[in-house]
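Student: I'm new to this one. Can we go through what the labels mean and how each one is earned?

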Amino acid sequence: MTINQTQDAIIEEFSIYDDWMDRYNYLIELSSELKPLDNAYRNDNYLISGCQSRVWIAAELKDGNIIFSADSDAIITKGLVALLIRVFSGHTPKEIYEAELYFIDKIGMSENLSPTRANGLVAMIKQMKMYALAFMSKQNS
């Protein structure tokens, strides 16, 4: 599935919820789908700055694709990072780096997150794209 196909699937999933409390509950549900993060990644090297809650994101390159893993101490944030992993994980560094994330606006997340959560979301996306850029640089050297 392409990044855009995954985004479209997420938009469709969220469209069944009429209000934001239901969407928040769905985010909480998604947080439980994240695989546990290895303790080796629960340190400052993987901690995302700019997030009010603590979020760790790790990435590894397997067979030309980036596999992300993450965790957070806040349940809503954990649901947000679970969505990002679903969109990005398993794609090439170039695909991730060049991806336009439109699902965030389409599901109404932009206007329904607190400013601190919105800043954290931007920081998570930025870090994931930085991982992609770093892997692209390694592949080209």
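Tutor: Sure, and keep in mind that this is a predicted model. Let's start with charged pairs: the count comes to four salt bridges.

Student: What makes Glu-13 and Arg-86 a salt bridge?

Tutor: Distance. The rule asks for a side-chain nitrogen of Lys or Arg within 4 Å of a carboxyl oxygen of Asp or Glu. For Glu-13 and Arg-86 the closest N and O atoms are 2.5 Å apart, so the pair passes the 4 Å test. The pair also links distant parts of the chain, with Glu-13 in helix α1 (residues 3-15) and Arg-86 in helix α3, 73 residues apart.

Student: Why are Glu-13 and Arg-86 called partly exposed?

Tutor: Buried means under 20% relative accessible area and exposed means over 50%, with partly exposed in between. Glu-13 comes out at 23%, so it is partly exposed. Arg-86, at 32%, is therefore partly exposed as well.

Student: How do you know that Arg-42 and Asp-71 form a salt bridge?

Tutor: Their closest N and O atoms are 2.0 Å apart, and the cut-off is 4 Å, so the pair counts. Here too, distant parts of the chain are linked: Arg-42 sits in the loop between α2 and β1 (55-62), while Asp-71 is in strand β2 (residues 65-72), 29 residues away. Arg-42 has 32% relative accessibility, so it is partly exposed. Asp-71 has 8%, so it is buried.

Student: What makes Arg-42, Asp-71 and Lys-78 a network?

Tutor: Asp-71 takes part in two pairs. One is the bridge with Arg-42, and the other is with Lys-78, where the closest N and O atoms are 3.2 Å apart. Both distances are within 4 Å, so both pairs are salt bridges, and the three residues are linked. As for Lys-78, its relative accessibility is 21%, so it counts as partly exposed.

Student: On to the helices. Why are α2 and α3 called roughly perpendicular?

Tutor: Helix α2 (residues 20-31) and helix α3 (residues 75-88) pack at an angle of about 70 degrees, their axes being 7 Å apart. Angles of 65 to 115 degrees count as roughly perpendicular, so α2 and α3 get that label.

Student: Which residues make the contact between α2 and α3?

Tutor: Among them are Tyr-24, Leu-27 and Leu-30 from α2, and Ile-76, Leu-80 and Leu-83 from α3. By class, this contact of α2 with α3 has 10 nonpolar, two polar and two charged residues.

Student: How do you know that Leu-83 is buried?

Tutor: Leu-83 lies in helix α3. Its relative accessibility is 1%, and buried means under 20%, so Leu-83 is buried. Leaving aside neighbours within four places in sequence, Leu-83 is in contact with Ile-10, Phe-14, Leu-27, Leu-30, Phe-103 and Met-109.

Student: What makes a set of residues a nonpolar core?

Tutor: The members are buried residues of certain nonpolar types, joined through side-chain atoms within 4.5 Å. The largest one here has 44 residues, and those touching the most other members include Ile-57, Phe-68, Phe-103 and Leu-121. Helix α3 gives the most to this core, with nine residues. Leu-121, leaving aside neighbours within four places in sequence, is in contact with Leu-80, Leu-84, Ile-104, Met-109 and Leu-113.

Student: Why might such residues be buried together?

Tutor: In soluble globular proteins, nonpolar side chains tend to be buried together.

Conventions
Residues are numbered from 1 along each chain as its sequence is written. This is a predicted model: local features need pLDDT of at least 70, side-chain atom pairs count only at pLDDT 80 or more; totals for chains, interfaces and linings use all residues. Side-chain values use heavy atoms; hydrogens and water are left out. Axes are lines fitted to C-alpha atoms, for helices over the stretch in contact, and angles run from 0 to 180 degrees between N-to-C directions. Helices (H or I, at least four residues) and strands (E, at least two) are DSSP runs, numbered from the N terminus. Angles under 35 degrees count as roughly parallel, over 145 as roughly antiparallel, 65 to 115 as roughly perpendicular and the rest as oblique. Contact means heavy atoms within 4.5 Å. Ala, Val, Leu, Ile, Met, Phe, Trp, Tyr, Cys and Pro count as nonpolar, Asp, Glu, Lys and Arg as charged, and the others, Gly among them, as polar. Buried means under 20% relative accessible area, exposed over 50%, partly exposed in between (1.4 Å probe, protein chains only).
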